[in-house]
Amino acid sequence: KWPIDTRLTLDDYRTLVRTYLLGPDTLHVTIDVEGRGTIEVQLLSHEAPLTVANFLRLVDRHYFDNNRWHRVVPNFVVQDGDKTGTGNGGPGWSIRDEINRERYSLPMLGMALSGPDTGGSQWFINLSEQPHLDGQYTIFGKVTGSYVGLARIVQGDVIRSIHR
């Protein structure tokens with residue numbers, strides 16, 4: 001099924017390039033986790049402009065608000081972005097992969113996939129160095145604040161909100 005239907009026009013892509021690729025790389029979001037505190041994230045718009053634009057589109061629509069972390073694997077990842085809580089849900093569209101030179105060393109935001117070019121709304125943060133994920137999953141952000149709240153997340157914890 002190639003090319004994938006991203007539902008974006010040529011003008012949409014031009015706007016994305018102007019906004020995220022040519023603009024400042026200083027976009028941040030705060031993830032507020034009930035009972036665990038906040039997680040500060042810098043979005044890497046120069047490395048993954050389509051993924052960052054897609055993520056912010058969902059953030060602005062409050063898509064992630066009141067979601068539960070549906071996958072937590074100690075010393076590996078915490079994952080969210082599925083309203084159904086099953087690990088099978090998505091927004092109804094897919095985005096292209098944007099493999100870049102970033103590495104899963106520090107806690108980084110990555111796009112969860114079920115195959116090439118299948119990203120949508122599910123994303124994860126690695127909890128420890130994961131070199132086997134490098135070059136396989138789009139990295140589009142990095143945790144910049146304290147890791148304390150992140151390390152305390154358990155499956156089922158609620159994301160109160162994600163905001164810019």
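**Val-33, Asp-80 and the strands around E9**

Modeller: Let's start with Val-33: setting aside neighbours up to four places away in sequence, this residue is in contact with Ile-39, Trp-69, Ile-153, Asp-157, Val-158, Ile-159 and Arg-160. Keep in mind that the model is predicted.

Biologist: What makes these residues contacts of Val-33?

Modeller: Contact requires heavy atoms within 4.5 Å, and each of the listed residues, Trp-69 among them, is in contact with Val-33 by that criterion. The C-alpha atoms of Val-33 and Trp-69 are 9.5 Å apart, with their positions 36 residues apart in sequence.

Biologist: Is Val-33 buried or exposed, and how do you know?

Modeller: Its relative accessible area is 1%. Buried means under 20%, so Val-33, at 1%, is called buried. Val-33 belongs to strand E1.

Biologist: How do you know that E1 and E9 pair?

Modeller: Two strands pair when at least two bridges are found between them. E1 (residues 28-33) and E9 (residues 158-163) are joined by 4 bridges, so they qualify, and they run antiparallel. Ile-31 has Ile-162 as its bridge partner in E9.

Biologist: And what makes E3 a partner of E9?

Modeller: Strand E3 (residues 67-68) has 2 bridges to E9, in the antiparallel sense. The requirement is at least two, so this pair passes as well. Within it, Arg-68 stands opposite Val-158 of E9.

Biologist: Back to Ile-31, then. What does this residue touch beyond four places in sequence?

Modeller: The list includes Gly-37, Val-41, Trp-69, Trp-123, Ile-159 and Ile-162. In the largest nonpolar core, which has 32 residues, Ile-31, Phe-55, Trp-69 and Trp-123 touch the most other members. Elements supplying at least two residues each to this core include helix H1 (10-21), E1, strand E2 (37-43) and E9. Helix H2 gives the largest share, 6 residues. Another core, of 9 residues, lies apart from it, with Leu-44, Tyr-104, Met-108 and Ile-139 among its members.

Biologist: Why is Asp-80 said to have no salt bridge?

Modeller: A salt bridge needs a side-chain nitrogen of Lys or Arg within 4 Å of a carboxyl oxygen. For Asp-80, the nearest side chain of opposite charge is Lys-83, 7.9 Å away, so the criterion is not met. Asp-80 is buried all the same.

Biologist: Where is Asp-80 found, and what does it touch?

Modeller: Asp-80 is found in strand E5 (residues 77-80). Leaving out residues up to four places away in sequence, Asp-80 touches Phe-64, Asn-67, Arg-68, Trp-69, His-70, Ser-121, Gln-122, Trp-123 and Ile-159.

Conventions. Residues are numbered from 1 along each chain as its sequence is written. This is a predicted model: local features need pLDDT of at least 70, side-chain atom pairs count only at pLDDT 80 or more; totals for chains, interfaces and linings use all residues. Side-chain values use heavy atoms; hydrogens and water are left out. A nonpolar core is a set of buried Ala, Val, Leu, Ile, Met, Phe, Trp, Tyr and Cys residues joined through side-chain atoms within 4.5 Å. Buried means under 20% relative accessible area, exposed over 50%, partly exposed in between (1.4 Å probe, protein chains only). Lys and Arg count as positive and Asp and Glu as negative; His and the chain ends are not counted.
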